[in-house]
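This report considers one protein chain through its metal site, its charged pairs and its aromatic contacts. The sequence and structure are shown first.

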Amino acid sequence: MPIVNRVAALSDEMAAWRHDFHENPELLYEVHRTAGIVAERLREFGCDEVVTGIGRTGVVGVIRGRKNTAGRVIGLRADMDALPIEEAADVPYASKIPGKMHACGHDGHTAMLLGGAKYLTETRNFDGTAIVIFQPAEEGGAGGKAMVDDGLMTRWGIQEVYGLHNMPGLPEGHFATTPGPMLASSDTIEITIHGKGGHAGAAPHEAIDSVLIGAQVISALQSIVARNVDPLKSAVISITMFQGGTAFNIIPATVKLGGTVRTLDPDVRDLVERRIAEVAENTARAYGGSAETKYTRLYPVTMNHAREAGIAAEVARDVVGADRVNENLTPVMGGEDFAFMLEARPGAFVFLGMGDGPMCHHPAYKFNDNILGHGASYWARLVEKQMPAG
Ligand code: NI
């Protein structure tokens, strides 16, 4: 069964919207221009309600079906923000803003959901209410959490929520999802190690070498993954920053380590958080120093609900055919703040394949406009299938 015909007819329009967003990328919560255009379009389409400023710069559109017998409400979410990357892609609509680029395809996500919204407002061939959600600050700002904290789910009575992300490397027009964890929790660690400064050549024995302690801590932290985490579960600890020292012949009193932690299970996340502090502090103590660990929880595990993941796969099969849908995707260790919406309501996240090309967040990343119709059709079918008008 193909893409919804009316949606396919919107492809050029969606591409034009996307190219305009692409030329004018905005970061985090500063998506004022994008959010303004989204709200304007939703009003033009005839959404029953358009509300801006949810989660600072998020936009919500309400589309009522031609019936509302069972009071069903489904949320569809797209993200709007870009990244602080200098664009290296060779496209005629390249970013006009130095140092900013839509390198994760959120311009495409926004255009697809606008396409879905246009179709749904025209046809209204469903029994219930569709809520289109456009969020800011997916890239590290927890905009999804900001919208949930601002009453997104309760204000409109959202019962289920769905999200979609493009995926380079997955064949064009293929969908992938899975019940349970789909993307990892994403947290940061900062460890400050205190020793005692001194003369590195003449009197190392009178110092407490914070650099040496830092090196031991980095090695010891990997024992958490190797020896504390269940071998059938997953965790990543990556120390990516080691800062300290000013001269060849001075032992610095203090060094700082920084890095990222990923897990696919809330219990593993708790374990790793606790063990990092224990290992850092006790390793430092063994060498006569001390360590302070600051563990910051950013995004939770993106945990699909089993029933809704099944629904998402079924809708995707309707749109692109069974042979193009993988409903048992191996989880990915990237993070995604749709996780906050899935903590608030049952739902599911899907990847939509773009074909070969540079990965998201690469300066030469290029969104494939051929998938706009697939994405918008997915949204349209999801609403019509989950809330059939009979
Ligand atoms: Ni993204």
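Which residue lies over the face of tyrosine 29? In this predicted model, arginine 56 takes that position, at 3.9 Å from the ring centre.

**Aromatic contacts**

A pair of aromatic rings is described by the distance of the centres and the angle of the planes. The structure contains 6 aromatic pairs. Ring pairs also gather Phe175, Tyr378 and Trp379 into a cluster.

**The nickel site**

Three residues coordinate the nickel ion: Cys104 through SG, His106 through NE2 and His165 through NE2, at 2.1 to 2.3 Å. Along the sequence, the donor residues follow the spacing C-x1-H-x58-H. Distant parts of the chain are linked here, since cysteine 104 belongs to the loop between β3 (73-79) and α4 (106-123), whereas histidine 165 belongs to strand β5 (residues 160-168), 61 residues apart. Cysteine 104 has a relative accessibility of 6% and therefore counts as buried. Histidine 165 is likewise buried, with a relative accessible area of 6%.

**Salt bridges**

Side chains of opposite charge can pair when their charged atoms come close. The structure holds 27 salt bridges. The table lists three of them, with the N to O distance of each pair.

| Acidic residue | Basic residue | N to O distance |
|---|---|---|
| Glutamate 13 | Lysine 118 | 2.9 Å |
| Glutamate 273 | Arginine 297 | 2.8 Å |
| Glutamate 278 | Arginine 274 | 3.2 Å |

Glutamate 13 forms its salt bridge with lysine 118. Because glutamate 13 lies in helix α2 (residues 11-23) and lysine 118 in helix α4, this pair ties together parts that are 105 residues apart in sequence. Glutamate 13 is partly exposed, at 30% relative accessible area, while lysine 118 counts as buried at 15% relative accessibility.

The salt bridge between glutamate 273 and arginine 297 has its closest N and O atoms 2.8 Å apart. Glutamate 273 sits in helix α8 (residues 266-286) and arginine 297 in strand β13 (residues 290-299), so the pair ties together parts that are 24 residues apart in sequence. Glutamate 273 counts as partly exposed, at 26% relative accessibility. Arginine 297 is also partly exposed, with a relative accessible area of 38%.

In the third pair, the side chains of glutamate 278 and arginine 274 meet in a salt bridge. Both residues, glutamate 278 and arginine 274, lie within helix α8, 4 residues apart, which is about one turn of the helix. Their relative accessibilities place glutamate 278 at 28%, partly exposed, and arginine 274 at 44%, partly exposed.

Another group of charged residues forms one network: salt bridges that share partners join Arg72, Glu160, Arg307 and Glu308.

**Glutamate 160 and its surroundings**

Within that network, glutamate 160 is found in strand β5, which also contains histidine 165 of the nickel site. Glutamate 160 is buried, with a relative accessible area of 4%. Leaving out residues up to four places away in sequence, glutamate 160 touches Arg72, Val73, Ile74, Gly75, Arg307, Glu308, Ile311, Pro346 and Gln386. The C-alpha atoms of glutamate 160 and threonine 178 are separated by 16 Å, with their positions 18 residues apart along the chain taken as the spacing.

**A buried acid without a salt bridge**

What is the nearest side chain of opposite charge to glutamate 384, and how far away is it? That side chain is arginine 381, at 4.4 Å. A salt bridge requires a side-chain nitrogen of Lys or Arg within 4 Å of a carboxyl oxygen of Asp or Glu; glutamate 384 is buried yet has no salt bridge. Glutamate 384 lies in helix α11 (residues 372-386). Apart from its neighbours within four places in sequence, glutamate 384 is in contact with Tyr119, Thr123, Asn125 and Phe126.

**Arginine 155**

Arginine 155 lies in helix α6 (residues 152-155). With neighbours within four places in sequence set aside, arginine 155 is in contact with Val51 and Ile54. Arginine 155 and leucine 42 are 113 residues apart in sequence, and their C-alpha atoms are 19 Å apart in space.

How values were computed. Residues numbered from 1 in each chain as written. Predicted model: local features only at pLDDT ≥ 70, side-chain atom pairs only at ≥ 80, totals over all residues. Heavy atoms only, no water. Donors = N, O, S within 2.8 Å, 3.2 Å for Na, K, Ca; no water. Helix = DSSP H or I, 4+ residues; strand = E, 2+ residues; numbered from the N terminus. Buried < 20%, exposed > 50% of the residue type's maximum accessible area, 1.4 Å probe, protein only. Phe/Tyr/Trp six-rings, centres within 6.5 Å; stacked < 30°, edge-to-face > 60°. Lys NZ or Arg CZ within 6 Å of the ring centre and 35° of its normal. Lys, Arg positive; Asp, Glu negative; His and termini not counted. Contact = heavy atoms within 4.5 Å.
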